[in-house]
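Hello,

Here is the structure I promised to pass on to you. Please open it alongside this message and have a look around before reading further.

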Amino acid sequence: TTAFGCRSMGGSPHALAPVPLVAVPVALGLGCELAGWLTLAFGANLLLSVHLLAIGLLVFPILGMGWQLLPVVATQAPSRLARDASTAITALAILGAAGLLSGMAGPFYAAAPIALALPVALAARSVLTLFTVASAPGRLGVRAWIAAAELMLLGGVTLGGALYLQRAGVPLGFDPVPSIAIHAGLMALGWGG
């Protein structure tokens, strides 16, 4: 195989994502997963455990590996702008995840503004992915599948951010219990897709 699977389509062998862009989120994902299982085993904080596991098993690994796999689907190397955006999105996601997890483990209000960087980063990742698959040639079925998954993720991320804002005291006026179920369902369908 070749870098991004693009060489056979005339792409550059230099199209591989920078190693830290893939490896750092994947490594952080492994750490979050381990922390999630330990937190769950000791029954310390169920909400924190669930989010550590979600971030460790899904968010960070898909974020990191997605930067390498998306150009394979698009059959074209990313532009310099897309590479810079993916680096900024990854940094923002890491910052936001740290804020979210520390807010769940400690004083919520101190970390709330930082935590909002996570849904912003994930929404930006989805938008970048949607633009990439929309402009890619061929593979209509695969691109439609990815677009549908990304739209579900955008809905789930938006609802997650709204839930977090409401918990922080912003009066958004919706019932959190069914909204949490919808948030979890959209995220599961999106990440699964």
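Below are my notes on its pockets, salt bridges and surface.

One thing to keep in mind throughout is that this is a predicted model.

**The largest pocket**

Let me start with the pockets. The largest one has a volume of about 780 Å³, and 28 residues line it. If you would like to find its centre on screen, look for His51, Leu100, Met104, Gly160 and His183, which are the lining residues nearest to that point. Helix 2, helix 3 (80-105), helix 5 (117-135), helix 6 (140-167) and helix 7 (176-192) are the elements that give two or more residues to this lining. As for its chemistry, the lining is made up of 22 nonpolar residues, five polar ones and one charged one.

**The second largest pocket**

The second largest pocket holds about 360 Å³ of space. Its lining consists of 18 residues, and Ile62, Gly66, Arg125, Ile146 and Glu150 lie nearest the centre. Which helix gives the most to this lining? That is helix 2, with nine residues. Helix 2, helix 5, helix 6 and helix 7 each bring at least two residues to the lining. Sorted by class, the lining has 12 nonpolar, four polar and two charged residues.

**The salt bridges**

You may be wondering how many salt bridges there are in the whole structure. The search finds two.

Arg125 and Glu150, already named at the centre of the second largest pocket, form one of them: their side chains meet at 2.7 Å, N to O. This pair links distant parts of the chain, with Arg125 in helix 5 and Glu150 in helix 6, 25 residues apart. Both Arg125 and Glu150 are buried.

The other salt bridge joins the side chains of Asp84 and Arg80, at 3.6 Å, N to O. Here both partners sit in helix 3, four residues apart, or about one turn of the helix. Are these two residues buried or exposed? Asp84 has a relative accessibility of 40%, so it counts as partly exposed. Arg80 is exposed, because its relative accessible area is 60% and the cut-off for exposed is over 50%.

**Between helix 5 and helix 6**

While you are looking at helix 6, please also find Ala149, which lies in that helix. Ala149 counts as buried because its relative accessibility is 7%, and buried means under 20%. Its C-alpha is 9.2 Å from the C-alpha of Ser126, although Ala149 and Ser126 are 23 residues apart in sequence.

**A nonpolar patch on the surface**

Finally, turn to the outside of the model. Trp37, Leu40, Leu46, Val50, Leu57 and Leu58 make a nonpolar surface patch of about 550 Å². Helix 1 (19-41) and helix 2 (46-74) each supply at least two of the patch residues. Helix 2 gives the most, with four residues. Val50 is one of the patch residues and is found in helix 2. With a relative accessible area of 45%, Val50 is partly exposed, so it passes the patch requirement of over 30%.

If you want one element to follow through these notes, try helix 2: it gives residues to the lining of the largest pocket, it gives the most to the lining of the second largest pocket, and it gives the most to the nonpolar patch.

Happy viewing, and do write back with any questions.

Best wishes

Notes
Residues are numbered from 1 along each chain as its sequence is written. This is a predicted model: local features need pLDDT of at least 70, side-chain atom pairs count only at pLDDT 80 or more; totals for chains, interfaces and linings use all residues. Side-chain values use heavy atoms; hydrogens and water are left out. Patches are made of residues with over 30% relative accessible area and no salt bridge: like charges are joined within 9 Å, nonpolar side chains (Val, Leu, Ile, Met, Phe, Trp, Tyr) within 5 Å. Accessible areas come from the Shrake-Rupley method with a 1.4 Å probe; for residues, only the protein chains shown count as cover. A salt bridge is a side-chain nitrogen of Lys or Arg within 4 Å of a carboxyl oxygen of Asp or Glu. Buried means under 20% relative accessible area, exposed over 50%, partly exposed in between (1.4 Å probe, protein chains only). On a 1 Å grid over the protein atoms alone, a cavity is a set of points where a 1.4 Å probe fits but cannot get out, and a pocket is an open set with protein on both sides within 12 Å along at least five of seven lines; lining residues have an atom within 4 Å of a point. Grid points are joined across faces, edges and corners, and a volume is the space filled by probe spheres set on the points. Ala, Val, Leu, Ile, Met, Phe, Trp, Tyr, Cys and Pro count as nonpolar, Asp, Glu, Lys and Arg as charged, and the others, Gly among them, as polar.
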